[in-house]
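Colleague: Please give me a close look at one part of this model, the way its helices pack against each other, and keep the residues in view throughout.

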Amino acid sequence: MGTNCLVLGIESSCDETGVALVEVQGAGVPVLLDHALHSQIEMHQAYGGVVPELASRDHIRRVLPLARDVLLRAQRSLDAVDVIAYTRGPGLAGALLVGAGFACALGAALGKPVLGVHHLEGHLLSPFLSADPPEFAFIALLVSGGHTQLMRVDGVGQYQMLGETIDDAAGEAFDKSAKLMGLGYPGGPALARMAQQGNPRAYALPRPLLHSADLDFSFAGLKTAVLVQAQKLVFQHTGVHSTAGALASGGTDAFACLPASVRCDLAASTQAAIVDVLVHKSLAALRQSGLKRLVVAGGVGANRALRSQLDGACGQRGIRVHYPELELCTDNGAMIAMAAAMRLQAGVQQAHTHYAFDVKPRWPLDQLARATASV
Ligand code: KG4
Ligand code: ZN
């Protein structure tokens, strides 16, 4: 790879189509020139969750216009692109195939090499897109809709899994609790907004695995506890016995009949339970590793309560916390272009011209770490 290299990145693993241009300039942190994003959230909202087939079709519609926009705004021609990166996994197979197919077709047409990126590595390295990028080594707390992991990161491609969720992810705990509160999909941000008006100590909800010796998480029980608490509250305030099934599917307006203060208190108590566990386990990972730097990435990293508790606890202990820019916490193309640029720059992966692509809907990040030099 030459000292300067222009990377076009494509993200299409779930319900966001993202395209970005990142430039490697010598040995410095690669620079984001521009990025564009189309979120499908509105389209999926009617169904209460992501419909994979609709997601794939929408990626097909969006990816080319987004790529045109990015090139236009960055004032770069397609010919100037050196490498085309795409999310190879994990994610929805059909959605991944759109990005991979687009990237490889473009690569083949232009005679330019392509590179498949691990979506979670994109999240992990997304704080390098911020004005104040971290330095290696650090502990990473990766909290997205599908993953909750603590990792030790010693460099690009050097990831050691320290702990992860044994069932639901933190984002899932937010989303499933929000659904029974009638907050739609994805409910995390809406639940967080409601929580701002509530008392986080109003209801005692479990903090699963808080004091376990390992660094694993478990959130499935919390969701059930929130459901039981919601049933109790609905009965207390309305005398109505709502079934667990109806509440869990968001298919009842019983919860909406509760006074706003009660609903906000339950939202705040739910958020507090999730945040407490994330903060406690992150501090344990930092303590055990002796590292003084924490990177938080993934959609739940946008949560303000999580940020302020981590900032407070880490500040007292002389630990620096790095976050991606708020708009780059959730899925985007910039993190995919950035991860590719950093892998190329560090020499841990080469772009290639075997355009017969495959995608990896299931792809543990520590497998990537082991097979780091392969295609
Ligand atoms: O990283 P991401 O965009 O997608 C995945 O790769 O999964 O994360 C999406 C998740 C969803 O569960 C969403 O509810 C959650 O991040 N999320 C939040 C907030 N913003 C996004 N959860 C809590 N508070 C937020 N402010
Ligand atoms: Zn993601």
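Modeller: From helix 2, the residues S56, H59, I60, V63, L64 and A67 meet G94, A95, V98 and F102 of helix 3, where contact means heavy atoms within 4.5 Å and helices (H or I, at least four residues) and strands (E, at least two) are DSSP runs numbered from the N terminus. Sorted by class, this contact of helix 2 with helix 3 holds seven nonpolar, three polar and no charged residues (Ala, Val, Leu, Ile, Met, Phe, Trp, Tyr, Cys and Pro are nonpolar, Asp, Glu, Lys and Arg charged, the others, Gly among them, polar). The model is predicted, with local features needing pLDDT of at least 70, side-chain atom pairs counting only at pLDDT 80 or more, and totals for chains, interfaces and linings using all residues. Residues are numbered from 1 along each chain as its sequence is written, chains are lettered from A and ligands numbered from 1 in written order, and side-chain values use heavy atoms, without hydrogens and water.

Helix 2 spans residues 52-74 and helix 3 residues 93-110, and their axes come within 9 Å and cross at roughly 30° (axes are lines fitted to C-alpha atoms over the stretch in contact, with angles from 0 to 180 degrees between N-to-C directions). Helix 2 is therefore roughly parallel to helix 3 (under 35 degrees; over 145 is roughly antiparallel). The crossing in which helix 2 passes helix 3 is right-handed (the near helix is turned clockwise from the far one by less than a right angle).

Between these two helices the chain has two backbone features to look at. The loop between helix 2 and strand 4 holds Q75, which is not a glycine and yet has a positive phi of about 55°. Further along, P90 sits in the loop between strand 4 (83-89) and helix 3, and the peptide bond leading from G89 to P90 is cis, with omega near -15°. As background, most residues other than glycine have a negative phi, and most peptide bonds are trans.

Another packing arrangement involves helix 7 with helix 5 and with helix 9. Helix 5 and helix 7 pack at an angle of about 15°, their axes being 9 Å apart, so helix 5 is roughly parallel to helix 7. This crossing of helix 5 and helix 7 is right-handed. Here K176, S177 and L180 of helix 5 meet K223, V226, L227 and A230 of helix 7, and the contact of helix 5 with helix 7 divides into four nonpolar, one polar and two charged residues.

With helix 9 (residues 260-289), helix 7 (residues 220-238) packs at about 165°, and the axes are 11 Å apart; helix 7 and helix 9 are therefore roughly antiparallel to each other. Helix 7 and helix 9 also cross in a right-handed way. L222, V226, Q229, A230, L233 and H237 of helix 7 make this contact with V262, L266, T270, A273 and I274 of helix 9, and its residues comprise eight nonpolar, three polar and no charged. V226 and A230 of helix 7 thus take part in the contact with helix 5 as well as in the one with helix 9.

The stretch after helix 5 has a cis bond too: the peptide bond from Y185 to P186 is cis, with omega near -20°, and P186 lies in the loop between helix 5 (170-180) and helix 6 (188-195).

Note on methods: Angles under 35 degrees count as roughly parallel, over 145 as roughly antiparallel, 65 to 115 as roughly perpendicular and the rest as oblique.
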